Amino acid sequence: METPDTPAPDTSAAETPGPPGPPGPGIATRDWAQASADARYRAAVVDLLGALAYGELAAFERLADDAKLAPTLTDKAALARMAAAEFHHFEQLTERLEAIEEDPTAAMEPFASALDEFHRLTAPSDWLEGLVKAYVGDAIAADFYREVAARLDADTRALVLRVLDDTGHASFAVEKVRAAIEADPRAGGRLALWARRLMGEALAQAQRVVADRDALSTMLVGGVSDGFDLAEIGKMFSRITEAHTRRMAALGLSA
């Protein structure tokens, strides 16, 4: 697929869409000390932080591996810096779990196999596929967590949004992928198919994680104050899909 002749668009809005609106009454207006009195809510937050922590650890490992495929020393150094930022996010999450007297390893373990399987199924075959995976795949997960963050207590919400901050990978990936497609337009079709596969696998993985964890699923479908109802969950995944389409456009690819 050919790349448009127009300059690369500003991707900032596509990278980090905000939550679906201001938090409503209930849990979202409380701090952790108040909200955690609900045992179901506390269990859901421990699950959420555990899933996020393992995701950040996996992102660190993957970026470090991707750096080995980098074509230039400058690219290698850029990915190494991003990997370090992901590990710092991991540390913030594990420190938070320890602060609320939860074992980080125990919190992460339920999510390790599902996330490892996702990464096994979506192992990139080259440098460009690795960049698209980080830009598209990680962003889908981040969109999901931002949606959930809108329903969290103020303290947990601030932490979640902080660790979801872009480490610089988005603009880096857009620049490199667009340049590669301009140099070889045939790469666009291959990368578009790859990104569609990532989209499907990422959404399926997010749904599996929620379905396997009673506390998380209960919070999302309204079993805890401020939870999503089933109609809202459908709208949530529609917003995530729309954000994916915008990211694909930023790469110069069709969704």
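**Helix packing in an all-helix model**

OK, let's start right in the middle: where H4 and H7 cross, the crossing is left-handed. The residues that make this contact are His89, Gln92, Leu93 and Arg96 on the H4 side, and Asp155, Thr156, Leu159, Arg162 and Val163 on the H7 side. If you sort those residues by character, you get three nonpolar, three polar and three charged. Before I go on, please keep in mind that what you have on the screen is a predicted model.

So how do you describe a pair like that? For two packed helices, you give the angle between their axes and the distance between the axes. For H4, which covers residues 73-99, and H7, which covers residues 154-163, the axes come within 9 Å and the crossing angle is roughly 160 degrees. An angle over 145 degrees counts as roughly antiparallel, so that is the label H4 and H7 get.

Let me step back to the whole chain for a minute. How many helices and how many strands does the protein have? Eleven helices and zero strands. Read from the N terminus, the elements go α-α-α-α-α-α-α-α-α-α-α. There are 255 residues in the protein, and 51% of them are buried. Now look at the contacts with a sequence separation of 6 or more: 82% of them join residues that are 24 or more positions apart. As for the outside, the protein exposes about 11,300 Å², and carbon and sulfur atoms supply 55% of that area.

Back to the packing, with H3 and H4. H3 runs over residues 39-69. Its axis and the axis of H4 are 8 Å apart, and the two helices pack at an angle of about 160 degrees. H3 and H4 are therefore roughly antiparallel to each other, and their crossing is left-handed. What sort of residues are in the contact of H3 with H4? There are 17 nonpolar, three polar and six charged ones.

The third pair is H5 with H9. H9 is residues 186-212, and H5 is residues 104-121. Their axes come within 10 Å and cross at roughly 170 degrees, so H5 and H9 are also described as roughly antiparallel. From H5, the contact uses Phe111, Ala114, Leu115, Phe118 and Leu121. From H9, the partners are Arg197, Leu198, Glu201, Ala202, Gln205 and Val209. In that contact, eight residues are nonpolar, one is polar and two are charged.

Now some single residues, for those of you who like side chains. Take Arg62, which sits in helix H3. Is Arg62 buried or exposed? Buried: its relative accessibility is 10%, and the cut-off for buried is under 20%. If you skip the neighbours within four places in sequence, Arg62 is in contact with His119, Lys133, Ala134 and Asp138.

His119 is in helix H5. With a relative accessible area of 19%, His119 counts as buried too, because the cut-off is under 20%. Again leaving out the neighbours within four places, the contacts of His119 are Ala58, Arg62 and Lys133. So if you click on Arg62 and then on His119, you will find Lys133 in the contact list of each.

Also on H3, there is Ala43. Ala43 has a relative accessible area of 33%, so it is called partly exposed. The C-alpha atom of Ala43 is separated by 9.1 Å from that of Asp214, and those two residues are 171 residues apart along the chain.

What about Ile181? It lies in helix H8, which is residues 169-183. Ile181 has a relative accessible area of 0%, so it is buried. Its C-alpha atom and that of Leu191 are separated by 9.1 Å, and here the two residues are ten apart along the chain.

Last one: Glu101. You find Glu101 in the loop between H4 and H5. Its phi is positive, at about 65 degrees, although Glu101 is not a glycine. Is Glu101 buried or exposed? Exposed, with a relative accessible area of 73%.

That's my tour, and I'm happy to rotate the model for anyone.

Technical notes: Residues are numbered from 1 along each chain as its sequence is written. This is a predicted model: local features need pLDDT of at least 70, side-chain atom pairs count only at pLDDT 80 or more; totals for chains, interfaces and linings use all residues. Side-chain values use heavy atoms; hydrogens and water are left out. Helices (H or I, at least four residues) and strands (E, at least two) are DSSP runs, numbered from the N terminus. Buried means under 20% relative accessible area, exposed over 50%, partly exposed in between (1.4 Å probe, protein chains only). Contact means heavy atoms within 4.5 Å. Axes are lines fitted to C-alpha atoms, for helices over the stretch in contact, and angles run from 0 to 180 degrees between N-to-C directions. Angles under 35 degrees count as roughly parallel, over 145 as roughly antiparallel, 65 to 115 as roughly perpendicular and the rest as oblique. A crossing is left-handed if the near helix is turned anticlockwise from the far one by less than a right angle, and right-handed if clockwise. Ala, Val, Leu, Ile, Met, Phe, Trp, Tyr, Cys and Pro count as nonpolar, Asp, Glu, Lys and Arg as charged, and the others, Gly among them, as polar. Accessible areas come from the Shrake-Rupley method with a 1.4 Å probe; for residues, only the protein chains shown count as cover.
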